[in-house]
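Q: I have a new model open and I'd like to learn how to read it feature by feature. Could you walk me through it?

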Amino acid sequence: MTTETKYRVIGTRPVRPDGVDKVTGRAIYGADVVLPRMAHGKVLRSPHAHARILSVDTTQAEALAGVLAVICGRDMPAVSGMAAAGEGGDMNMRYASNNVMAHDKALYEGHAVAAVVATSPHIAKEALKLIKVEYEVLPPVIDVRKAMEPNAPILLEDLRTDTGGVKSETASNIAAHLIAEEGDIEKGFADAAVVVEREFTFQTVHQGYIEPHACAAEWRADGQITVWASTQGSFAVRQQCAAILQHPIGQLKVIPTEIGGGFGGKIPVYLEPIAAVLSRKAQRPVRMVMDRTEVLMATGPTPGAYIKVKMGADKNGNITAAQGYLAYEAGAYPDSFIGAGMTCLFAPYNLKNVRIDGFDVVVNKPSSTAYRAPGAPIAEFASETVLDEIAETLGIDRLAIRAQNSAKEGDWRPFGPPYTRIGHQECVAAAQASAHWNTPLVREGKDGKKRGRGVASGYWGNWDGISSCIGRLNPNGTVSLLEGSTDIGGSRASIAMQFAEAFGVTYEQVHPAVVDTDTVDYNDVTGGSRTTFGTGYAVYKLAKKMQGEIVGQLAGLWDVPAESITIDGSSYSSNGHSATITQLAKLFEENGIHINASITAKGSNLSGAFATHIVDVEVDEETGKVDIVRYTAIQDAGTAIHPSYVEGQMQGGVAQGIGWALSEGYVYDSEGHLKNATLLDYRMPTSLDVPPIETIIVEVPNPTHPYGVRGVGEVPIVPPCAAIANAIHDATGLRLRDLPMSPSRVWEALEKQ
Amino acid sequence: MAVQIASGKVAISATINGEPQTWLSEPRETLLEALRDRLGLTGCKEGCSNGNCGACNVVMDGRLVNTCCVLAVEAQESEITTVEGLGTPDGLIPLQKNFLEEAGLQCGVCTPGFLVATKALLDKNPNPTDDEIRWWLAGNLCRCTGYDKILNAIKKTIAETTTE
Ligand code: FES
Ligand code: FES
């Protein structure tokens, strides 16, 4: 199932244009930016999870030799209003501003309360110790269900619960109660032969990008601010900085650096506005770099949650009704991607009777942000393990029950329009046909350890958004392709490939570059699995526009009607004239003609992506440790532009899913202190924890993209947790419903069995 | 011999990527900071600052080290190889070429550490098994790739060198 036959460039595996810089250590990431006269900023963070800030005394810190300036909440402008946050959502800028620097209340351990700029990072760190902050410590709320109780301590006094647009009268930690409904669940459950209802809990986890947040900023005397940022969206940084600094957006330029991973966590700004204010005060460019503990305590994470799921099916395994209750921890400020979690909860299946209640709840933890398919992995962990239990109860094959209930084109989905052409059925079919599924499981592993096999499906709703690009035909026939989409994992290659395909040139003739916000028009973030789809769509249109300009110019030069000119790959001909793009580029140069086009385009991506995963695990009953022994990921990519990069996304998502399933999770004490804010104690998978991951790319072309691209980045993190839990059940008989399924949890459950 | 000068800084001499270098560091500076901020060798990355990610790996006197856990003054008179010393843009070593061809990187921030660590392994053991590779690299975290394509790049390099 490859596209190699249909296309010239698409489906091949060229080396990425930024690759040599990255394997020789020359690529410039956020912390690598060096500017003349550069000073260094550091942040003082709250030691308390919930506290009122009574006073901040910076005099001693300011007096330390080498310190250039100190700021705290009162140095930040008062902010109101909203800004686009990516993935179609909006961000409350007052909350965003308070998150960047606490004004009157610290809402989580690690919340920024002051910052220092000094001539060296060491001096800045020393100065932090000299800042005196007086706190009134308040009781923290760190569990979503406790935060929802009527007498819970309130985090944000102005927060009212929004239920379908109606606001509650009194303050609450529940920011929103969303409801999605279809059909009649009572009738659906009455029709069921089997009904299973289960409860689940989830810890906060972090995106875990290896590059900590880093930026540099220079605020010049003329009011022009330049920000160098490691970010998923340079325009998102510009918008947020303009709002938080209350600065004219036209006087803000964001230069994206290379980005060392993001997974959704590098969309909000944390350091950038602080660096800008410090730069204005110090009158020098300022660089700021977080350490890992700051990253874990103050950025990212994905919501912890409580979920309850109830599903019913008739005796043949057809789902008759499904109900979900999702309470997500937004962290300090609202917005936990609860809506996305609700959309994804039962998304692989065609359901007639559904009700889902979702709650967005603030707690004294870092303000949550997107993490790869935000909201989906935990929601689908619940539904996919319940469905597994139904299949087991009814004695139906686990893939067969997924195939027979599969959603398809035209089916309902929460908050939807109905599905367009989707590929879940094809994924399940490919799983059924896979070598892995057809290889009998050997039930006994090393030293008598028990083995089991699990499967799960997953959905993520891929976004479209706006992309802008500029194309310039160079005199030697190559094309400079300037992009607004930041490149996290090879998008310069996958975008250049689509341009080359559409423009009729080779991949090597295209020179892509990610440029700053002054150079290219508005461009949404690299997120929502949108870049290969949306920026690919934009460069397709750009190529067609450039071809149109070439034809227009040629009509004049050749003195022929434009309609008579035909294009075949890189050759243009009409009426005895014929030339390749390389010859034309020279001809244009000789005649003073420049082919230079720009485009801003918004595709429409309503299709969504599906995946089905199969995993074999081995459980050590003495220690409770679970090892992954075989893994196969099956996914509908629509069309795989660069198959190696599609496989890489699938494998990377699986590895993160394995971490989420087995070892990752924030550990808090009762005071709301994070007890594992290092990479020793926050355990991400190593090369020993992840087996070789087999990949099967299914290609059901997306009808709304010229090459059928769907977007592949996020959905592979959705099935692993559920598939692994189902495999642990298959091995041991245990149904685990709390993540992570760490050795201690598994061992305890085995003891109780 | 360490020379402490009036500013409190220490003069350090070492051979880095084959070139003799002398610079000043504060006693509290890590080797990682010195390489990055004093010598401009920003191929060394800081991922965790406490020895848990391997992004800051270099080879120092034949040993693979996490430079975030080494003080700059400890590098006195040592020989150090960083990622910048492995190959040049027009003269990549096979391992670098294979990371590119096998898509062994996505964001690329872990890549310098993996390249240096793997080079250190292959210098000691030119023909390691898959298990030996995975054990050796357990100190290097990659959050993007799931390690599969990194292993492919390394195995391809081994296959090329052992058949040559
Ligand atoms: S930065 Fe040195 S091991 Fe992570
Ligand atoms: S490629 Fe991003 S951390 Fe390894």
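**Reading the two-chain model**

A: Happy to, and let's begin with the interface: the contact takes 46 residues from chain B and 42 residues from chain A. Keep in mind throughout that this is a predicted model.

Q: Which helices of chain B each supply at least two residues to the side that touches chain A?

A: On chain B, α2 (94-101), α3 (111-124), α4 (130-136) and α5 (148-163) each bring at least two residues to the side touching chain A. The biggest giver on that side is α2(B), with four residues.

Q: And how do I read the chemistry of that side of chain B?

A: Sort its residues by class. The side of chain B that touches chain A splits into 21 nonpolar, 15 polar and 10 charged residues.

Q: Let's stay with chain B. What is the order of its elements from the N terminus on?

A: They run β-β-β-α-β-β-β-α-α-α-α, which comes to five helices and six strands.

Q: How do I judge whether chain B is compact?

A: Compare its radius of gyration with what the globule rule gives for its length. Chain B has 16 Å, close to the 15 Å given for 164 residues, so it is as compact as a globular protein of that length. For the extents, the C-alpha trace of chain B spans about 55 × 30 × 25 Å along its principal axes. Burial is another thing to check: 52% of the 164 residues in chain B are buried, where buried takes 20 or more other C-beta atoms within 10 Å.

Q: Where do the domains of chain B lie?

A: Domain 1 covers 3-82 and domain 2 covers 94-163. Between their C-alpha centres there are 23 Å. Their contact takes 13 residues from domain 1 of chain B and 10 residues from domain 2 of chain B. On the domain 1 side, the largest share, three residues, comes from strand β4 (residues 57-60) of chain B. That side of domain 1 of chain B consists of seven nonpolar, five polar and one charged residue.

Q: Now chain A. How many helices and strands does chain A have?

A: Chain A has 19 helices and 30 strands. Try the radius of gyration again: a compact globule of 753 residues would be near 27 Å, and chain A has 27 Å, so the two agree. The C-alpha trace of chain A spans about 85 × 70 × 55 Å along its principal axes, and 61% of its 753 residues count as buried.

Q: What does sequence separation add?

A: It tells you how far along the chain the contact partners sit. In chain A, take the contacts between residues at least 6 apart in sequence: 80% of them join residues at least 24 apart. For chain B, residues 24 or more positions apart account for 57% of the contacts with a separation of 6 or more.

Q: Which segments make up the domains of chain A?

A: Watch for domains built from several pieces. In chain A, domain 1 is 19-26 + 464-602, domain 2 is 33-138 + 211-260 + 266-298, and domain 3 is 305-462 + 605-752. The C-alpha centres of domain 1 and domain 2 of chain A are separated by 38 Å. Their contact takes 14 residues from domain 1 of chain A and 15 residues from domain 2 of chain A.

Q: How do I describe a helix pair?

A: Give the angle, the distance, the handedness and the residues that meet. In chain A, helix α11 (residues 376-394) and helix α18 (residues 720-732) pack at an angle of about 35°, with their axes 8 Å apart, and the crossing is right-handed. Among the residues that meet are A:Phe381 from α11(A) and A:Ala725 from α18(A). The contact of α11(A) with α18(A) has five nonpolar, two polar and three charged residues.

Q: Is A:Gly395 buried or exposed?

A: Count neighbours: A:Gly395 has 8 C-beta neighbours inside 10 Å, so it counts as exposed. A:Gly395 sits in the loop between α11 and α12 (398-404) of chain A.

Q: And is helix α8 of chain A mostly covered or mostly open?

A: Mostly covered: 10 of the 11 residues of α8 (residues 272-282) of chain A are buried, including A:Ile274, A:Val277 and A:Leu278. Right after α8(A) comes A:Gln283, with a positive phi near 55°.

Notes:
Residues are numbered from 1 along each chain as its sequence is written. Chains are lettered from A and ligands numbered from 1 in the order in which they are written. This is a predicted model: local features need pLDDT of at least 70, side-chain atom pairs count only at pLDDT 80 or more; totals for chains, interfaces and linings use all residues. Domain bounds come from an automatic or database domain assignment. Two residues are in contact if their C-beta atoms, placed from the backbone, lie within 7 Å. Ala, Val, Leu, Ile, Met, Phe, Trp, Tyr, Cys and Pro count as nonpolar, Asp, Glu, Lys and Arg as charged, and the others, Gly among them, as polar. Axes are lines fitted to C-alpha atoms, for helices over the stretch in contact, and angles run from 0 to 180 degrees between N-to-C directions. A crossing is left-handed if the near helix is turned anticlockwise from the far one by less than a right angle, and right-handed if clockwise. The radius of gyration is taken over C-alpha atoms; the globule rule is 2.2 Å times the number of residues to the power 0.38. A residue is buried if 20 or more other C-beta atoms lie within 10 Å of its own, exposed if 12 or fewer, and partly exposed in between; C-beta atoms are placed from the backbone.
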